[in-house]
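Dear colleague,

Please find the structure below, handed over together with its sequence. My notes on it follow, and I would be grateful if you read them with the structure open.

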Amino acid sequence: MSLPLTQELLLIALDDESGKKHKSDTIDYGLAGAVVAELALLGRVDLTDGQVTVVDPSPTGDPVIDELLAAAGEKRRKTKSFVTKYGRKMSAKVAEQLIDAGIVTEGRRHFFGIIPSSRHHPTQASPEREIRTRLNAVVLQQMPADPRTAALVALIEATELHKQAFPDADKRDVKERMKAIAASDASGRAVRKAIDDVRSAIITAVTVSAVATTTSSGSP
């Protein structure tokens, strides 16, 4: 089963046992970055000069990706701005796609009996297993990476999901190999540039969010 980068990245971020999302403060921005990478791989956008420019507006067939493709066609934005603006609540949209496809199921809990929280557990093992097989081949076995897998590796590296993707591997070796793949042209120069911008956007978005939270909590 071939899944878009958004769904592959979220499957890696979800904990199979608890159903929680790892890196919940960055994964939404990572998913928006995955949309940019997907569109670049499909030849729908050009990322020259750090701008997301639509060169082919034809739909991809994925409603989440097509929504952002249409938005990119309405107004040119820098990749960082694009990721920051459209990254909010991306995980909920992508999780809904996985639910509709029967890949995960959703359960709801309430903290303190008030605050709702969603949990997502896999109902099929094969999609995630196929993803991890590809990742292990290029990262742990150092096999050549195809453009799509290289893009996924770079997204995992940008969102710091190393431990979730390779729980039993040596952390230092994994990080070095992932950085090498992310810095290479294995995914294509346009996608690599997108990932570089996505990494910067994630850092910026998380920093702004942290400052806003601190300011809010310190208000009288």
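I begin with the positive patch, to which helix α9 (residues 171–183) makes the largest contribution, namely 3 residues. The patch lies on the surface, where Lys163, Lys171, Lys175 and Lys179 gather. Lys163 belongs to helix α8 (residues 162–165). With a relative accessible area of 64%, Lys163 is exposed, because that value is over 50%.

Please keep in mind that this is a predicted model. The mean pLDDT of the protein is 86, and 88% of its residues reach 70 or more. Among the elements, helix α1 has the highest mean pLDDT, 96, while helix α10 (residues 189–217) has the lowest, 68. Where pLDDT is low, the predicted coordinates should not be read in detail.

Helix α1 also deserves attention for its surroundings. How many of the residues of helix α1 (residues 5–13) are buried? The count is 9 of the 9, so the helix is largely enclosed by the rest of the structure. Among these buried residues are Leu5, Leu9, Ile12 and Ala13, and Glu8 is listed with them.

Glu8 leads to the salt bridges, of which the whole structure holds 7. Three of them are described here.

The first to consider joins Lys93 and Glu67, whose closest N and O atoms are 3.5 Å apart. Lys93 is in helix α5 (residues 90–100) and Glu67 is in helix α3 (residues 63–74), so this pair ties together parts that are 26 residues apart in sequence. Both partners are partly exposed: the relative accessible area is 32% for Lys93 and 43% for Glu67.

Another salt bridge is found between the side chains of Glu128 and Arg132, with an N to O distance of 2.9 Å. Both residues lie in helix α6 (residues 126–139) and are 4 residues apart, about one turn of the helix. Is Glu128 buried or exposed? Glu128 counts as buried, because its relative accessibility of 9% is under 20%.

Helix α6 provides a further pair, Arg134 and Glu130, with closest N and O atoms 3.3 Å apart. These two residues are likewise 4 residues apart in helix α6, which separates them by about one helical turn. Arg134 is buried, with a relative accessible area of 17%, whereas Glu130 is partly exposed at 31%. Salt bridges that share partners join Arg134 and Glu130 with Glu8 into one network. Glu8 is one of the buried residues of α1.

Finally, two loop residues should be noted for their backbone angles. Gln142 is not a glycine, yet it has a positive phi of about 55°. Gln142 lies in the loop between α6 and α7 (147–158), and it is exposed, with a relative accessible area of 55%. Glu160 also has a positive phi, near 60°, in a residue other than glycine. Where is Glu160 found? Its place is the loop between α7 and α8, and at 49% relative accessibility Glu160 counts as partly exposed.

When you look through the structure, you may wish to begin with helix α6, which holds the pair Glu128 and Arg132 as well as the pair Arg134 and Glu130.

With kind regards

Technical notes: Residues numbered from 1 in each chain as written. Predicted model: local features only at pLDDT ≥ 70, side-chain atom pairs only at ≥ 80, totals over all residues. Heavy atoms only, no water. Salt bridge = Lys/Arg side-chain N within 4 Å of Asp/Glu carboxyl O. Buried < 20%, exposed > 50% of the residue type's maximum accessible area, 1.4 Å probe, protein only. Patch = residues over 30% accessible without salt bridge, like charges linked within 9 Å, V, L, I, M, F, W, Y side chains within 5 Å. Areas by Shrake-Rupley, 256 points an atom, 1.4 Å probe, with all protein chains shown as cover. Lys, Arg positive; Asp, Glu negative; His and termini not counted. Charge placed at Lys NZ, Arg CZ, Asp CG, Glu CD. pLDDT = per-residue confidence, 0-100.
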